[in-house]
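Please open the complex in your viewer, with the chains coloured separately, and keep the sequence panel at hand. The tour below moves from one selection to the next and says what is to be found at each stop.

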Amino acid sequence: MLFFLLLPALIIFVVSFIKQEKPNHILAYISFLVIIPTTQLLLMDKPYALWGDYLVVDKINAYVLFISSVVAIAVSLSLLTLEKHVSITKVAYRRFYRAFSTFWIGLIFSIMSNNMGIYWIGLELATLSTVYMIQTNTTRGAVKETWNYLIVGTIAISLILFGIILIYSSAKPTLGEEAMSFSLLLAHANEIDAPYLFEIGFAIVSIGMFIKMGFFPMNLWLANVERASFYPVAALLSGILESAIIMGFFRFSKIAMEINQTHLVVFVFSYMILTLFVVSFLIYRTKDFMRLFSLSGVEHMALIVLFWVSGGVFPALLHFGAHAFLKPALFLSTGVLESNGKYRIAGALRGYSGKKGKLFWILVSLFLLGLISLPPSPMFFSELYGFSAMVDIAKESKHMIAMLGAIFIILLLLSIIFYKFVEVSQSMKYEGEVLAKKVYWNELLALLLFAVSLLVLLSPPVIDYLKGI
Amino acid sequence: MTTYLLTLLLLLLIAPLLLSLIKSIKMFLLFKQPSSIFQGYRNFSKLLSKETILSYESSVMTRVAPFLVLSPLLVTLLLVPPIVKGAFYIDFVDAFTITGLISLSTFFLMLLGLDGASSFGGMGSSREAFISALAEPAMILTLFSVSLMANNLGISQATVNLAQSFPPEHIASFLFAGISFFILLVAENGRIPVDNPETHLELTMVHEAMILDLTGFYLALIESASAIKFVIFSSLFVSIFIPFGLDYPLPLALLAFLLKLLLVVVAIALLEVNVAKLRLFKVPNLLGLAIVFAFLSLITFYVLGA
Amino acid sequence: MMINFLIGIFLASLIISLFSTRLYKLLFWYALNSLSLGFLAIYFGANLDDNGMIIAGIITVLMKSIGIPYFLKQITVKLQLVRQVQPNIKIQHSILLVPAILVFTFYLSEPIMQSMGQNAHYVAVAISSLFLSLMLMMEHTNIAPKIIGFLSMENTLFLLGVTATGGMPMLIELGIFFDLLMAIVIVTLLLNRKEI
């Protein structure tokens with residue numbers, strides 16, 4: 001089974017070395033194959049041991065991997081016409097797909113892993129291959145951003161490894177050599193007799209993860225990087241790489257919740273409120289699409305973390321799924337929206353002709369409004385459930401007022417973002433000059449794929465599956 | 001008691017010898033004909049027979065200050081750790097006293113430099129104040145860390161304790177204190193890389209600038225003061241950080257002590273030949289390193305050893 | 001006693017490299033750092049009879065203290081990188097900041113020392129070395145000291161892995177070396193493409 005999972009990536013890697021006339025077509029069609037093994041994983045009995053005790057598939061894993069493969073397919077779809085929007089050579093295409101295949105392999109290892117070490121190795125492989133992907137854009141600014149990304153990314157990964165070693169050393173007296181596996185740590189969490197060491201290790205791990213996701217002290221590096229790279233790379237970064245990191249955060253914080261939930265809640269809440277504070281004002285001042293979308297991605301990741309830590313597994317996963325579909329969709333559409341230049345937010349939704357054009361702008365405006373959680377977007381439901389989960393954990397402790405205050409502040413900050421998004425969509429639709437823009441069939445297909453998956457996310461079988469986790 | 005007095009006499013006598021030894025080793029390393037190692041004594045007797053001329057603007061300070069520069073150093077000389085076990089030593093003196101006496105001497109040297117109303121003197125005094133402001137905290141921290149390791153606040157008692165039973169778990173902070181004290185040895189005595197003792201160009205003078213217009217007996221006093229300061233620092237360094245040889249009988253212990261001093265002299269000479277003098281505004285980098293290492297030695301005493 | 005001495009040299013060389021202003025000297029202190037780390041790994045491995053650790057220590061001594069400085073020196077000469085690297089933090093602030101970091105991290109690790117006992121102080125030294133190498137990375141703007149700061153961070157991870165637990169699984173040590181290799185490969189590729 002592991003071999004089937006890795007097979008499409010290996011095929012892409014091999015084929016990318018063959019020189020051909022239209023590399024993007026063949027490689028994109030091959031990358032559609034990734035959906036087959038992941039659907040099969042979704043339908044199997046869980047927990048399914050993929051490789052001994054090291055890679056174990058359970059419900060969350062399969063869900064996250066399935067979402068990532070849908071995103072990957074849509075990104076490959078839209079890559080078919082990348083050269084019509086930006087200047088890129090055939091060699092760069094092949095290099096991109098080579099990096100993409102290593103990225104996918106690293107992703108499989110990190111999402112499916114039950115072992116902290118393998119999780120880290122997969123994450124590191126994924127990060128280092130995205131560095132290479134950013135390099136497909138060869139302007140001077142992109143090279144500088146690549147350096148920044150390399151430095152920040154490797155700092156974050158080293159911090160995660162440091163925290164992993166500390167956690168391992170805290171659990172080693174009780175669990176022996178097996179202290180690396182998540183499931184064993186979760187089962188024996190209360191028997192760790194040096195909880196402070198575990199908490200320091202967990203704090204360092206989460207700081208590393210937060211740096212990678214673009215939270216508080218390092219808000220702008222993600223936006224700058226995604227600005228400097230091409231839009232499919234940005235889509236991949238925000239859709240799939242975040243999923244690997246958030247998977248790790250889910251696992252680590254589950255164990256930390258067993259050990260000391262109060263510390264975890266206070267730490268995460270104060271961190272996220274600081275992040276939301278900075279990000280909401282940054283969003284208010286953006287002037288171009290990419291930055292707007294990447295900062296909004298940071299905001300949604302913060303909400304996912306908040307929901308998960310409050311014990312709301314269902315809202316966190318639903319929000320994660322919805323975000324992983326909406327954000328890459330919007331990133332892929334910026335290829336068309338920015339056809340006339342980077343800073344023309346006004347009038348970006350005008351000037352489409354024909355059936356394809358009409359469908360395009362209707363979909364994009366729906367996605368934009370769905371991102372700020374207007375019903376019937378799944379984000380609306382997930383935020384409702386999420387806030388109720390936060391109130392639930394405050395009911396048991398004595399800090400109801402503090403929690404209500406925190407929720408109030410969060411809603412205030414989210415309303416700033418809401419205002420900005422509404423303003424952006426209004427100006428995209430109603431202001432600005434009418435310049436002709438062309439939409440291609442593959443991009444439209446990608447957006448339709450996302451729309452269909454969002455509707456599927458809201459359907460009862462999926463909701464039941466998520467509630468059962 | 002007799003060993004104690006003998007040690008004092010010996011240190012007084014070899015003080016000029018050490019400085020001229022540094023100079024001739026340097027010349028030997030530079031493939032020049034080395035000057036005689038007794039040149040320090042010859043300089044001293046030459047200066048004693050010269051007449052003293054004082055500048056017109058100088059006040060009573062110039063007549064008094066050379067004695068006041070020498071006397072705290074002579075008092076500190078009384079406090080040096082013993083060379084051999086069983087000798088008398090003064091055991092209650094701690095880091096503040098030693099640092100305070102040495103900085104008292106530096107203070108009067110700075111006043112002497114200012115007194116002559118020449119711009120060289122003022123410049124030298126301000127540079128000297130700059131350097132000793134950074135060197136004093138480092139010295140206090142280093143000596144306190146050593147006394148913590150040896151479990152006694154008196155420095156001489158601390159060296160005796162270290163020689164008898166060296167605590168192996170504190171070797172990391174011992175190492176850091178050693179590095180810091182060596183940097184201080186270089187800085188306080190005005191060797192390269194902090195100050196050039198052989199130059200008379202104003203760009204590089206610190207110590208020489210303050211005594212530029214002294215002659216005769218007063219210059220002899222100041223030069224012997226700097227020689228005694230070097231002897232004090234090196235014997236402190238040698239007793240604290242190379243604590244062997246106290247158990248041998250007297251002649252062998254004396255020989256061990258002299259060999260250790262020779263080791264310090266050779267190290268300083270090698271350093272002076274190989275390293276360029278630092279720009280004045282880069283000296284805080286070096287002294288900052290000394291402060292950080294002294295601090296680190298205190299902290300690792302608590303973390304690594306306790 | 002040997003362990004304390006080697007850890008002392010590790011920390012000393014890291015702090016000296018924080019105050020250096022010349023690139024080749026930074027490489028020298030990094031080489032000393034890796035040398036003491038390698039000897040520490042060999043010593044621990046010999047005590048615990050763990051062959052993996054001894055081999056990792058030998059690889060560290062060979063690769064990190066001889067190979068990587070030599071390699072970085074070649075790159076510096078080929079690309080003519082700037083060799084005078086001035087920290088952005090002024091020395092006055094640096095003198096205050098470094099002891100503050102040391103005190104803060106040792107204070108953070110104080111409860112560990114009470115509960116763990118045996119190897120607790122090595123964890124404290126490792127955490128403070130992590131923060132100090134982060135500071136090394138942050139205080140320079142040229143690319144070469146940033147790379148050296150990253151390499152010191154990898155050394156810190158290795159130190160933690162060797163001393164804190166009673167032997168890491170080989171997976172992690174392989175992972176650290178793999179990470180180093182990948183980073184060096186990518187740095188070479190990026191440096192050869194375009195200059196900054």
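Among contacts in chain B between residues at least 6 apart in sequence, what percentage join residues at least 24 apart? The figure is 79%, and it comes, as does everything below, from a predicted model.

**Stop 1: chain B by itself**

Select chain B and hide the rest. You will find 11 helices and zero strands, so that reading along the sequence gives the pattern α-α-α-α-α-α-α-α-α-α-α. The radius of gyration of chain B is 19 Å, close to the 19 Å that the globule rule gives for 306 residues, and chain B is therefore as compact as a globular protein of that length. If you align the view with the principal axes, the C-alpha trace of chain B spans about 60 × 45 × 40 Å. Of its 306 residues, 49% count as buried.

**Stop 2: where chain B meets chain C**

Now bring chain C back into view and select the residues at the boundary: 18 residues of chain B are in contact with 20 residues of chain C. On the chain B side, the elements that give two or more residues are α7 (171-188) and α11 (283-305) of chain B. The largest share of that side, 11 residues, comes from α11(B), which makes this helix a convenient one to highlight. Colouring the chain B side by residue class should show 15 nonpolar residues, two polar and one charged.

**Stop 3: chain C by itself**

Hide chain B and keep chain C. Chain C has eight helices and zero strands, in the order α-α-α-α-α-α-α-α along the sequence. With a radius of gyration of 17 Å, close to the 16 Å that the globule rule gives for 196 residues, chain C is as compact as a globular protein of that length. Its C-alpha atoms fill a box of roughly 50 × 40 × 25 Å along the principal axes, and buried residues make up 48% of the 196 residues. Among contacts in chain C between residues at least 6 apart in sequence, 64% join residues at least 24 apart.

Colour chain C by confidence before looking at any detail: the average pLDDT is 83, and 90% of the residues score at least 70. Where pLDDT is low, the predicted coordinates should not be read in detail.

Within chain C, select helix α6, residues 120-139. At 1.5 Å a residue, its 20 residues should span 28 Å, and the end C-alpha atoms are 29 Å apart, which agrees. Is this helix mostly covered or mostly uncovered? α6(C) is mostly covered, with 15 of its 20 residues buried.

**Stop 4: where chain C meets chain A**

Show chain A alongside chain C. This contact takes 27 residues from chain C and 26 residues from chain A. The elements of chain C that give two or more residues to it are α5 (110-116), α7 (143-163) and α8 (170-193). By class, the chain C side has 19 nonpolar, four polar and four charged residues.

With the three chains displayed together, note that two pairs of chains touch, and that the most contacts are between chains A and C. Chain A and chain B do not touch, their nearest C-alpha atoms being 16 Å apart. For the complex, the predictor gives an ipTM of 0.88 and a pTM of 0.86.

**Stop 5: the two domains of chain A**

Isolate chain A and colour domain 1 (1-259) and domain 2 (261-469) separately. The domain centres, taken over C-alpha atoms, are separated by 21 Å, and the contact takes 41 residues from domain 1 and 42 residues from domain 2. On the domain 1 side, the elements that give two or more residues are α4 (59-79), α9 (195-213), α10 (219-228) and α11 (231-259) of chain A. Of these, α11(A) gives the most, with 14 residues. The domain 1 side has 26 nonpolar, nine polar and six charged residues.

**Stop 6: A:Ala302**

Finally, centre the view on A:Ala302, which lies in helix α13 (residues 289-309) of chain A. Why does A:Ala302 count as buried? It has 25 other C-beta atoms within 10 Å, and the cut-off for a buried residue is 20 or more. Leaving aside residues up to four places away in sequence, A:Ala302 touches A:Phe215, A:Met272, A:Thr275 and A:Leu276. As a last selection, add A:Ala329, 27 residues away from A:Ala302 along the chain: the two C-alpha atoms are separated by 20 Å.

How values were computed: Residues are numbered from 1 along each chain as its sequence is written. Chains are lettered from A and ligands numbered from 1 in the order in which they are written. This is a predicted model: local features need pLDDT of at least 70, side-chain atom pairs count only at pLDDT 80 or more; totals for chains, interfaces and linings use all residues. Two residues are in contact if their C-beta atoms, placed from the backbone, lie within 7 Å. Helices (H or I, at least four residues) and strands (E, at least two) are DSSP runs, numbered from the N terminus. Ala, Val, Leu, Ile, Met, Phe, Trp, Tyr, Cys and Pro count as nonpolar, Asp, Glu, Lys and Arg as charged, and the others, Gly among them, as polar. Domain bounds come from an automatic or database domain assignment. pLDDT is the predictor's confidence in each residue, from 0 to 100. The radius of gyration is taken over C-alpha atoms; the globule rule is 2.2 Å times the number of residues to the power 0.38. A residue is buried if 20 or more other C-beta atoms lie within 10 Å of its own, exposed if 12 or fewer, and partly exposed in between; C-beta atoms are placed from the backbone. The expected span of a helix is 1.5 Å times one less than its number of residues.
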